[in-house]
Amino acid sequence: MSHATITTPAPADSLSAARLPRWSPYAIAVVAVAAGCGIGLGAGLASHIQWGLIAAVLFVFGTFAIAAKVEGRRQARDRVATSVIWVSFVLAVIPLASLIWETVSRGIKVLDVFFLTHSMGVVTDYEPGGGIYHAILGTLEQVGLATLISVPIGLLTAIYLVEYGRGKLAKAVTFFVDVMTGIPSIVAGLFILSFWILILGFSYSGFAGSMALSILMIPVVVRSTEEMLKLVPNELREASLALGVPKWRTILKVVLPTSIGGITTGVMLAIARIAGETAPVLLLVWGNPLINPNPFQGPQSSLPLYIYQQYQNSGGSPAAYDRAWAAALVLIAFIMILNLVARGIARWKAPKTGR
């Protein structure tokens with residue numbers, strides 16, 4: 001006698017429920033963009049940003065409705081979370097891509113070898129011609145001096161806080177580092193202006209600007225290095241100390257090489273933080289249309305200050321605007337090269353792991 005088996009369909013929320021095809025998110029996105037454009041045109045919305053926001057909302061809600069109908073509410077919630085992440089990514093990338101496109105399209109007009117190898121000289125801000133060699137030289141010297149000042153101080157401070165810091169002194173150092181993180185750049189410039197120039201009587205120079213930039217750079221280096229040192233497993237320290245290696249040598253040979261990748265990245269972020277500062281340079285370096293290779297004497301220029309002066313003193317001159325956009329493009333390229341170099345150094349110095 002055979003027994004008949006009765007099978008019941010799987011509920012909608014079970015793991016065996018139907019699934020949408022892989023191309024469904026792209027199809028929903030296309031329909032949402034088309035609907036957003038149609039709603040924007042029908043409502044008379046002139047801003048394309050509003051169209052995009054409408055399309056993003058339609059994409060998220062459309063994904064949830066279709067996924068809930070086909071796959072069930074549990075899988076629909078997962079797809080909605082993924083959709084929100086993608087929408088947030090696109091909303092973050094669009095302004096960045098727009099900025100890069102605008103800078104490249106406007107800055108490429110005058111960016112050539114002559115522009116990179118000549119200064120403004122006797123060319124006024126209203127006339128075509130001139131270059132940014134003096135500004136590039138000033139930026140490299142000022143940022144380089146600020147790095148030489150701040151990296152050793154920040155690195156040693158972070159080592160103290162992680163490896164040795166205990167008690168009230170460590171708490172005080174941590175507190176002041178947190179306070180320095182939020183200092184506006186103009187305050188750092190005013191401090192060096194009052195102390196270095198007005199009280200001590202030194203003149204405007206690139207070194208004065210470097211000291212102000214180092215004040216902005218130190219807390220970033222301390223915080224990033226501190227977090228990287230905390231990620232080093234204590235087992236590595238204990239193993240080195242168990243072999244009789246002194247603590248200072250353990251830090252130098254074990255802890256720092258293990259975290260060198262993150263430390264280098266933090267230093268590059270700090271350099272990127274100060275490379276675009278204008279206020280301290282405007283107060284302390286003062287600006288100079290001519291080439292001044294000596295950062296310790298006399299006014300200098302820098303790329304952020306050059307951009308500001310071309311816009312401020314141009315009087316609407318198209319040539320000055322083109323030079324400002326080209327200088328901004330060079331500054332972006334400078335930061336990009338620094339990040340690539342940092343990644344290369346981090347990969348080169350990272351500890352080798354075997355299997």
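How many salt bridges does the count come to? In this predicted model, the count comes to seven. A few of them are worth walking through one at a time, followed by a look at a serine in a loop.

Take E102 and R106 to begin with. These two residues form a salt bridge, and their closest N and O atoms sit 2.8 Å apart. Both belong to helix 3, which covers residues 73–107. Because E102 and R106 are four residues apart in that helix, about one helical turn separates them. As for how much of each residue is open to the outside, E102 has a relative accessibility of 28%, so E102 is partly exposed. R106 also counts as partly exposed, with a relative accessible area of 35%.

Next comes a pair that bridges two helices. The side chains of D178 and R223 meet in a salt bridge, with 2.6 Å from N to O. D178 lies in helix 6 (residues 167–181) and R223 lies in helix 8 (residues 206–230), so this pair ties together parts that are 45 residues apart in sequence. D178 is partly exposed, at a relative accessible area of 41%, and R223 is partly exposed as well, at 22% relative accessibility. The cut-off matters for R223: buried means under 20% relative accessible area, so at 22% R223 counts as partly exposed.

Helix 8 holds another salt bridge, this one between the side chains of E226 and K230, at 3.6 Å from N to O. Within helix 8, E226 and K230 are four residues apart, or about one turn of the helix. E226 has a relative accessible area of just 6%, so this residue is buried. Through shared partners, salt bridges join D178, R223, E226 and K230 into one network.

And what about the serine? S301 is found in the loop between helix 11 (279–284) and helix 12 (303–312). Is this residue buried or exposed? With a relative accessible area of 3%, S301 is buried. Setting aside neighbours within four places in sequence, the contacts of S301 include H134, A135, G138, T139 and Q142. Also in contact with S301 are V285, G287, N288 and Y306.

How values were computed:
Residues are numbered from 1 along each chain as its sequence is written. This is a predicted model: local features need pLDDT of at least 70, side-chain atom pairs count only at pLDDT 80 or more; totals for chains, interfaces and linings use all residues. Side-chain values use heavy atoms; hydrogens and water are left out. Helices (H or I, at least four residues) and strands (E, at least two) are DSSP runs, numbered from the N terminus. Buried means under 20% relative accessible area, exposed over 50%, partly exposed in between (1.4 Å probe, protein chains only). Contact means heavy atoms within 4.5 Å. A salt bridge is a side-chain nitrogen of Lys or Arg within 4 Å of a carboxyl oxygen of Asp or Glu.
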